[in-house]
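Hi everyone, thanks for making the time. I'd like to walk you through one structure today, starting with the whole chain and then moving to a few local spots.

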Amino acid sequence: MITGAAGSYQSKCSTEKMSSTVEELDVEYTAPVAVCKATDLNENEMKQLEFNEDTNILLVKQNGRFQAVGAKCTHYGAPMHTGVLGSGRVRCPWHGACFNLETGDIEDFPGLDSLPCYKVDVTDGQVMVRAKHSDLAKSKRLKNMVKRDPQDERCFIVVGGGPSGAVCVEALRQEGFTGRLILVSREQYLPYDRVKVSKSMNLKIESLQFRDEQFYKDHDIELWLGVSADQLVTAQKELHCSNGYVVKYDKIYIATGCSAFKPPIPGADLGNVMTIREFSDAKNVLASITPESRVVCLGSSFIALEAAAFLVSKTASVTVVGRENVPLKAAFGEQIGGRVLKLFQDNNVNMIMESGITEIIGNDDGKVTEVQLADESRIPCDLLIMGTGSTLNTQFMAKSGVRVNKNGSIDVTDFMESNIPDVYVGGDIANAHIYGLAQSRVTIGHYQLAQYHARIAAINMCGSVKKAEAVPFFFTMLFGKGIRYAGHGSYTDVIIDGSLEDLSFIAYYINHADTVTAVASCGRDPIVAQFAELISQGKCLGRNQLEDASNRQAWTAMLKEPVPKVR
């Protein structure tokens, strides 16, 4: 193992003295640049400042020290100065990714890369900053990664090529694992950003992939693409794969996710009856439509709605058939669901709610032509997309000794380990504790959690001890309107602050004990990220703190209060 390299960035972002000797030797850094006066920032304040014409930095003053990291989130480029300053870290205003202020390293997700990190000094009242030449004009940085050591005979396997598996193989190398590392993925493609598949079906796979093939070669990560796990034999520490190979492992991380579910409706096996989960599904949908196509989407959850929003401008008609009275009711409640219903209607999507499909009718060529609704009426259909839920991909562990729950999920410890030692589980299939009010484990299929699970598992697989303490955070984009949500738990009341009509609102979900379990928003960043940070600090929000309708965001001041001490 390379001492001092793995899992850390050798350049700290904090204030430190720059002696002339260090400057002469430290040729990888630029000369110091004055970015502001020391008095320009108050305690617990952050500002975006110009380092040069191509590079902006985020300067933070906390605990009397100045620190500087990159100015844009490495996920989708959000301006970090509009985000949330926590204790020793900054959180993205859009999707909640967190970065360490000392190192720039990513600590919570979504995303893959870390922020550039800068050296800071205060000289004669001026804040002086130095950047690595390699970081100039860049908004992201790859954490240091080790390579395979031929003398290290250990073998770690990561099963699943989704966002969780992709993060895990990188994190293992970042945490110093130098043994053989295999990524087993059922899909033929390199790991890619699956969350975009239903939102933007016309994107090329190259623009979706997290890394190129050379990246995995450079870091000695074996890619077994188009290969699925057939059987896990924990007694012998073996993984039996669909390519005929049986691999012995020392430790294994399993993040096989879920598969789209087709309900057993008569006619479901007809041509042009599809689901959307993977890149190949999106390709099939695009190949099936013309400007004259009449599309029906069954289901009113995220997949069906995102598909409908994408296709409505490319086809003759799109109809959504949903079981509830409003879409997204399970996720956001009836009030926001009602506004989403109107949003879709305003964008020419036909919304048939409190209904369902009882039969799918086809022609002599075996392709769908009509669907019959719950009231026995029929509507024309050239393409039926089923957004009707999913099943967890854990069947190959049925006789492994790993305890599989009735719904297919797997209970894990706070360190992402299953009941079998050295078998770690994460992502959609993990039944895990979350940070917040929930006392029992929960199975949540969030992109952010999947990536977070992978990082925590990798740290623990490499011999360190790191507890999972993530606050669930998810997001969607519908007709250009981004909706964020953080937290988890049942609720009995929803307080709406702002305007649903204008799609500029905050929704506070309150339980029977008058505690806020979750917050959603549209057009009100960074409020959801602020709530996620509040919960991550071990604090909570009550109904009484929202009673002043003229200033319902007063609670955000709690973010600057000391973190509660745990006895």
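Let's begin with contacts along the chain. If we take contacts with a separation of 6 or more, 61% of them in the protein chain are between residues 24 or more positions apart. Please keep in mind that what you see is a predicted model.

What is the chain built from? There are 35 strands and ten helices. The radius of gyration is 25 Å, and the globule rule gives 24 Å for 567 residues, so the chain is as compact as a globular protein of that length. Along the principal axes, a box of roughly 85 × 65 × 50 Å holds the C-alpha atoms.

Now, inside and outside. Of the 567 residues, 56% count as buried. The surface that the chain exposes comes to about 23900 Å², and 47% of that is supplied by carbon and sulfur atoms. As for charge, I can offer 67 negative and 58 positive side chains, with the centres of the two sets 3 Å apart.

Let's zoom in on two helices. Helix α6 covers residues 302-311, and eight of its ten residues are buried, so the rest of the structure largely encloses it. Which ones are they? The buried residues of α6 are A304, L305, E306, A307, A308, A309, F310 and L311. Notice that E306 is on that list.

Further along we reach helix α8, residues 334-346. From first C-alpha to last, its 13 residues reach 18 Å, close to the 18 Å expected at 1.5 Å a residue. Its buried residues are I336, G337, R339, V340, L341, L343 and F344. Here is a handy thing to remember while you look at that list: an α-helix has 3.6 residues a turn, so residues three or four places apart point the same way. After α8 comes N348, which has a positive phi, near 70 degrees.

My last stop is a single residue, A268. Where does it sit? You'll find A268 in the loop between β18 (258-260) and β19 (273-274). Is A268 buried or exposed? Its relative accessibility is 12%, and the cut-off for buried is under 20%, so A268 counts as buried. Leaving aside residues up to four places away in sequence, A268 touches K262, P263, V273, I360 and M386. There is also a long-range pairing to look at: A268 and L384 are 116 residues apart along the chain, with 9.2 Å between their C-alpha atoms.

That's my tour, and I'm happy to go back to any part of it.

Notes. Residues numbered from 1 in each chain as written. Predicted model: local features only at pLDDT ≥ 70, side-chain atom pairs only at ≥ 80, totals over all residues. Heavy atoms only, no water. Helix = DSSP H or I, 4+ residues; strand = E, 2+ residues; numbered from the N terminus. Rg over C-alpha atoms; globule rule 2.2 N^0.38 Å. Buried < 20%, exposed > 50% of the residue type's maximum accessible area, 1.4 Å probe, protein only. Contact = heavy atoms within 4.5 Å. Areas by Shrake-Rupley, 256 points an atom, 1.4 Å probe, with all protein chains shown as cover. Lys, Arg positive; Asp, Glu negative; His and termini not counted. Charge placed at Lys NZ, Arg CZ, Asp CG, Glu CD. Expected span 1.5 Å × (residues − 1).
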